[in-house]
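Colleague: I should be grateful for a close look at a single part of this model. Please begin with the local pairing and then place that part in its wider setting.

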Amino acid sequence: MNMSKWWIENGTFVTMDEAQPVVRGHMVVDGDRIAYIGEERPQDADDIAVRIDGSRRIYMPGLINTHGHAAMSLLRGYSDDEALQTWLQDYMWPMEAKFTDADVKWGTSLAVLEMLKSGTTTFVDMYDRMDQVARVVEQSGMRGVLMRGAIGLCPEEVQREKLAEAVQFAKDWNGAADGRIMTMMSPHAPYTCPPAFIESFVQAAHDLDLPMHTHMSETQAEVEQNVREYGLRPVAHLDRLGLFSRPSFVAHAVHLTDEEIALLAERGVAVSHNPASNLKLASGVARVPELLKAGVAVSLGTDSAASNNNLDLFDEIRLAALIHKGVSGDPTVMPAHQALQLATLGGAATIRQPELGALQAGLKADFIALDADQPHFYPRTDLVSHLVYAASGRDVRDVWVDGRQVVQGGVCLLLDEEKILAEAEACYRRLAGA
Ligand SMILES: N[C@@H](CCSC[C@H]1O[C@@H](n2cnc3c(=O)[nH]cnc32)[C@H](O)[C@@H]1O)C(=O)O
Ligand SMILES: [Zn+2]
C-alpha cells in the first residue's frame with residue numbers, strides 16, 4: 001500500500017484543459033502532486049488506501065489572487081465611497097501608520113481565513129511587517145507570494161531602511177514553508193516612489209534574481225501627474241527605470257494606450273486585473289480584452305478588503321466576465337471559460353508558477369471542492385458557466401494546498417477561526433479608538 005496516495009472517486013472535475021474541460025471520473029493525489037486524473041479507474045486502484053467519495057462535489061483548481069494587502073482587512077468598511085488619492089491619504093495611511101505587528105498578524109489572519117474558505121489557495125501580498133504575514137501563511141497551509149511593499153515619500157535614510165527590510169525579507173523567506181512562500185521585490189507605485197528609489201529596487205531584484213510587482217496606471221490622475229513630473233506615461237517611465245527588464249507584473253493597469261499594451265506584451269509584463277477595486281474607487285475599467293488579444297498574461301486580484309470589500313475571488317471572476325461585455329457592447333469579448341482562466345492559469349502565469357492553475361497529472365495538488373447540490377448549480381447544462389455566472393465562494397466546502405487538506409466541510413483546519421475574529425475586532429477597536 002502506498003500511504004501517501006489517496007483517491008477521489010466519482011467526482012466532477014473542471015480541469016482548465018481546453019481539450020477536456022470537464023472530467024467525470026477520478027483523481028489521485030500523491031504527496032503534494034496530482035498523480036492521475038481521468039475517466040478510467042486508476043490503474044493502481046487496489047494499492048491506494050484512502051478513498052474519498054467525490055460524487056456530491058465539483059472539483060476545480062484553487063484560485064490565485066494576484067494582488068492584495070491582506071492586513072487591510074482590519075479597515076473593511078472603515079472608509080467607503082472616496083476616490084483613490086483621498087481614500088489613501090486621508091483615511092488609509094493615517095490608520096496604517098498606527099498598525100503594530102499584532103494588527104498585521106490578525107488582519108492578515110482574517111484575510112487568509114476568508115480567502116481559504118472561499119477557495120483561494122495562493123495569494124499575492126504587498127505590505128510591510130511581512131515577517132508577520134509569512135508566519136500566518138506558514139501556519140495556515142496557504143501558498144503566498146509575499147513582498148515588502150515600499151512607499152518612497154520619505155527621507156533618504158528611511159528609504160534605505162525600507163529597501164534593506166525588503167531585501168532581508170525576500171532573502172529570509174523565499175522558498176520557506178516547504179516552498180509555499182515565494183518572495184518578490186515591490187516598490188509601491190510610480191507616484192509614491194521617486195525614480196532613484198525604484199531603481200534601487202530593480203537593482204536589488206536583479207542581484208537576488210527575483211521578480212517584481214508594483215501598482216501602475218490605476219487612475220487617470222496618476223497618468224497625468226506622471227507626465228507632468230517625468231514627461232512620460234507610467235509604462236514608459238517604469239520601462240526606462242528598468243523595472244520591466246525583470247520578470248514582473250503590475251496591478252490595475254487601467255489607463256493604457258495601444259502603444260503601452262504593445263510594450264507590456266513585448267516585455268512579458270503580466271497584469272493583475274482588480275475589477276471590484278477599480279469600480280469602487282471609480283478608477284475605471286482596464287482594457288482586458290485588448291491586453292489578452294496582445295498576448296499579455298492577465299489574472300485577477302481583489303486588492304484589499306478596504307476597497308472591495310470582500311476577498312471572494314468568485315466575485316472577481318463574475319465581475320470580469322460581465323463588465324467587459326457591458327463596456328464594449330460585445331457579449332463575446334469575455335466568454336466564461338476565459339474569465340475562469342484569469343483566476344487559475346492566468347494567475348499561475350502572472351506569478352510564474354507553471355505547476356499551478358490546472359488539474360493535470362504532475363501539477364501541484366492545489367484544488368478546491370464546491371457543494372454540487374446547491375440549487376444554483378442545476379440544471380447540469382454547462383459547469384464552467386455555473387462556476388463563472390452562478391457560483392460564489394460560499395459554495396466552497398473543501399480546500400487542499402500542496403496535497404494537504406486545509407479546509408474541510410467549510411471549516412479551516414489549521415487556523416483558530418473564533419480567535420481570529422475576536423482578535424481582529426479588538427485590533428480595529430483599538431485602532432479606531434472606540
Ligand atoms: N506602509 C508601507 C507601504 C505598504 S505597501 C501597501 C500600501 O498599498 C496601499 N494600497 C492599498 N490599496 C491600494 C490601491 O488600490 N492603490 C494604491 N495603493 C493601495 C495601502 O494603503 C498600503 O499603504 C511603507 O512603509 O512604505
Ligand atoms: Zn493595491
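In which sense do strand 2 and strand 3 pair, and over how many bridges?

Modeller: The model is predicted. In it, strand 2, which covers residues 22-30, and strand 3, which covers residues 33-38, pair in the antiparallel sense, over five bridges. The two strands form a hairpin with two residues between them. Glycine 31 lies in the turn and has a positive phi of about 60°. Aspartate 30 stands opposite arginine 33 of strand 3.

Methionine 27 leads from this hairpin to the interior. Leaving aside its neighbours within four places in sequence, methionine 27 is in contact with Ile34, Tyr36 and Ile37, and also with Ile8, Gly11, Phe13, Tyr59 and Leu359. Met27 is also named, with Tyr59 and Ile317, among the residues with the most contacts inside the largest nonpolar core, which has 138 residues. Helix 2 (residues 101-117) gives the largest share of this core, eight residues. Domain 1 (6-62 + 366-412) and domain 2 (63-351) each supply at least three residues to this core.

The surroundings of the ligand complete the picture. Ligand 1 is surrounded by 20 residues, of which the closest are Met92, Asp128, Gly149, Ala150 and Ile151. Helix 1 (84-96), strand 7 (120-127) and strand 8 (143-150) are the elements that give two or more residues to this shell. Helix 1 contributes the largest share, four residues. By class, the shell has eight nonpolar, seven polar and five charged residues.

How values were computed: Residues numbered from 1 in each chain as written. Chains lettered and ligands numbered in written order. Predicted model: local features only at pLDDT ≥ 70, side-chain atom pairs only at ≥ 80, totals over all residues. Near = placed C-beta within 6 Å. Nonpolar A, V, L, I, M, F, W, Y, C, P; charged D, E, K, R; others polar. Pairing = 2+ DSSP bridges. Core = buried A, V, L, I, M, F, W, Y, C linked by C-beta atoms within 7 Å. Buried ≥ 20, exposed ≤ 12 C-beta atoms within 10 Å, placed from the backbone. Domains from an automatic or database assignment. Contact = placed C-beta atoms within 7 Å.
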